[in-house]
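I sat down to look up a handful of things in this structure and to write each one down as I went. The entries below are kept in the order in which I took up the topics.

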Protein chains: 2
Amino acid sequence: MDINNIKHLFPNLEEGLYGEIVNHGTIKELKAGETLLKVGQTIRSTMLILNGVVKLYREDDEGKEFFIYHLDAGQACSLSMVCAAKHETSEVLAKALTDATVLAIPLEFMDQWMSKYKSWYQFVITSYRNRFEELLTTIDAIAFSNMDERLEDYLKKQVNKLGTNLKMTHQDIANDLNSSREVINRLLKKMEAKNWVVIHRNSIEWIKK
Amino acid sequence: MDINNIKHLFPNLEEGLYGEIVNHGTIKELKAGETLLKVGQTIRSTMLILNGVVKLYREDDEGKEFFIYHLDAGQACSLSMVCAAKHETSEVLAKALTDATVLAIPLEFMDQWMSKYKSWYQFVITSYRNRFEELLTTIDAIAFSNMDERLEDYLKKQVNKLGTNLKMTHQDIANDLNSSREVINRLLKKMEAKNWVVIHRNSIEWIKK
DNA sequence: TAGTCTGTGTGACTTATATCACGGTAGCTG
DNA sequence: CAGCTACCGTGATATAAGTCACACAGACTA
């Protein structure tokens, strides 16, 4: 583990804290598609994303997966913080979207660092605030927007994380948005007519400026 | 302000912390319907609810209000904590549902107490976790449920906070659920047929056991 | 090369919800 | 008491989205 990489990804932490992170964290490598956290699983450590993109889902009783938000390198899984602090179980499903590297910090350090390092406390609070905001944005989308707008937002988010060439099927998108393949297909066709995307087999290219 | 009342509402805090709360907090009395926090307003203090019920909304661009969750006596507005810690503005609308008393604690104490009192840190983290969960539940409802289930959940929540006799119009409910009066009316009629509610003018009585 | 699988495209239909257009009624106010 | 206003009830219709059925095409596999 490279301390300079950590400093770069998580700036503004105290010098001593970087040392602790390196000493007490353990690296986990994930292949694209692998599950990092299952619903109901007990959380024993706080996760920091070092590399790649992690996707968070909410699951319904029949196992349908509803996409909530992404986590990037340099971000922390807030859920793993709250849960970790109380030894509780996960309420969400987290999967690696790309190959990813995460740093697992055993939960006992959460508490210690919180009172010891002001920068850690700031970091945790900021993480929370950001995740909270994302959650509110997600609520806005489903409460106030139609499928066409939601699809547009969704694709833009993907493009932000993965580039303009999205390797995913219509069915994948439908699952994330809790919709159906046919609906997504038709909406994509409309977007294609407006020159926002080009539809390929197994991939979609975002060409809107 | 009665310190014993505070101890009762917020148990498990350290002895010294109660003193600080009483010394530095200021009481705000709100009439039912009054606004506690507007969208875009700068937050300068953390709010603890001492009495009554506060309702949180998300607003869309046209000012439509979508109900997110309630806050009871003994709870804190997590949003006011995150925002306060960073001097940022509110993302939600908070209104007193009943007459209410809140305790405003200037934000500078947030930071101090966080490192000084372990119990405060625990309290804040727990608040977060609970609000986060509520938000996830709200997402579940709109992502996975139809209006009839959502209305049922909504009414149950109201009953929990306010008792079985709900003084609200069909229009009020429609606003909270981002639906329309007619739809709510029809669903309520169905519930009445199933003996779950009795519909009165300006109020609804929950009679389902 | 034929056969199979997975992803895509599309018409027809169903369902949930929203919207429109009324008419009715309780309770208040001049 | 007349008339007003806010609330409630309900049919007709419109729209968005989900479902069903089926056809086709690219890619891989025997």
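These are my notes on the DNA surfaces, the contact between the chains, a helix pair, the nonpolar core and a few loop residues.

Entry 1, the model. I am working from a predicted model, and I read every value below as computed from it.

Entry 2, DNA strand D. I looked up which residues surround DNA strand D and found 18 of them, the closest being A:Asn146, A:Met147, A:Ser179, B:Thr169 and B:His170. Both chains take part through their helices, since helix 6 (147–162) and helix 8 (181–193) of chain A, and helix 7 (170–176) and helix 8 (181–193) of chain B, each supply at least two residues. I noted that helix 8 of chain B gives the most to this surface, with four residues. Sorted by class, the residues near DNA strand D are three nonpolar, eight polar and seven charged.

Entry 3, DNA strand C. For DNA strand C I again found 18 surrounding residues, and here the closest are A:Thr169, B:Asn146, B:Met147, B:Ser179 and B:Glu182. At least two residues each come from helix 7 (170–176) and helix 8 of chain A and from helix 6 (147–162) and helix 8 of chain B. The largest share, four residues, comes from helix 8 of chain A, and the classes of the surface near DNA strand C are three nonpolar, eight polar and seven charged.

Entry 4, chain A against chain B. I found 26 residues of chain A in contact with 26 residues of chain B. On the side of chain A that touches chain B, helix 3 (78–86), helix 4 (107–116) and helix 5 (118–144) are the elements that give two or more residues, and helix 5 of chain A gives the most, with 16 residues. That side of chain A holds 14 nonpolar, four polar and eight charged residues.

Entry 5, a helix pair in chain A. I checked how helix 6 of chain A meets helix 8 of chain A, and their axes come within 10 Å and cross at roughly 80 degrees; the two helices are therefore roughly perpendicular to each other. The contact is made by A:Met147, A:Asp148 and A:Leu151 of helix 6 and by A:Val183, A:Ile184 and A:Leu187 of helix 8, which by class amounts to five nonpolar, no polar and one charged residues.

Entry 6, the core. The largest nonpolar core has 103 residues, and those with the most contacts inside it are A:Val54, A:Val102, B:Val54 and B:Val102. Looking beyond four places in sequence, I found A:Val54 in contact with residues including A:Leu36, A:Ile49, A:Leu71 and A:Leu97.

Entry 7, loop residues of chain B. Is B:Asn195 buried or exposed? I noted B:Asn195 as exposed, because it has 10 C-beta neighbours inside 10 Å; it sits in the loop between helix 8 and strand 9 (197–200) of chain B, with a positive phi near 65 degrees. B:Asn202, in the loop between strand 9 and strand 10 (203–206) of chain B, is not a glycine but has a positive phi of about 70 degrees. B:Gln41, in the loop between strand 2 (35–37) and strand 3 (45–51) of chain B, is partly exposed, with 15 other C-beta atoms within 10 Å. Apart from its neighbours within four places in sequence, B:Gln41 is in contact with B:Thr89 and B:Ser90.

Key
Residues numbered from 1 in each chain as written. Chains lettered and ligands numbered in written order. Predicted model: local features only at pLDDT ≥ 70, side-chain atom pairs only at ≥ 80, totals over all residues. Near = placed C-beta within 6 Å. Nonpolar A, V, L, I, M, F, W, Y, C, P; charged D, E, K, R; others polar. Buried ≥ 20, exposed ≤ 12 C-beta atoms within 10 Å, placed from the backbone. Contact = placed C-beta atoms within 7 Å. Core = buried A, V, L, I, M, F, W, Y, C linked by C-beta atoms within 7 Å. Axes fitted to C-alpha atoms, helices over the stretch in contact; angles between N-to-C directions. Parallel < 35°, antiparallel > 145°, perpendicular 65-115°, else oblique.
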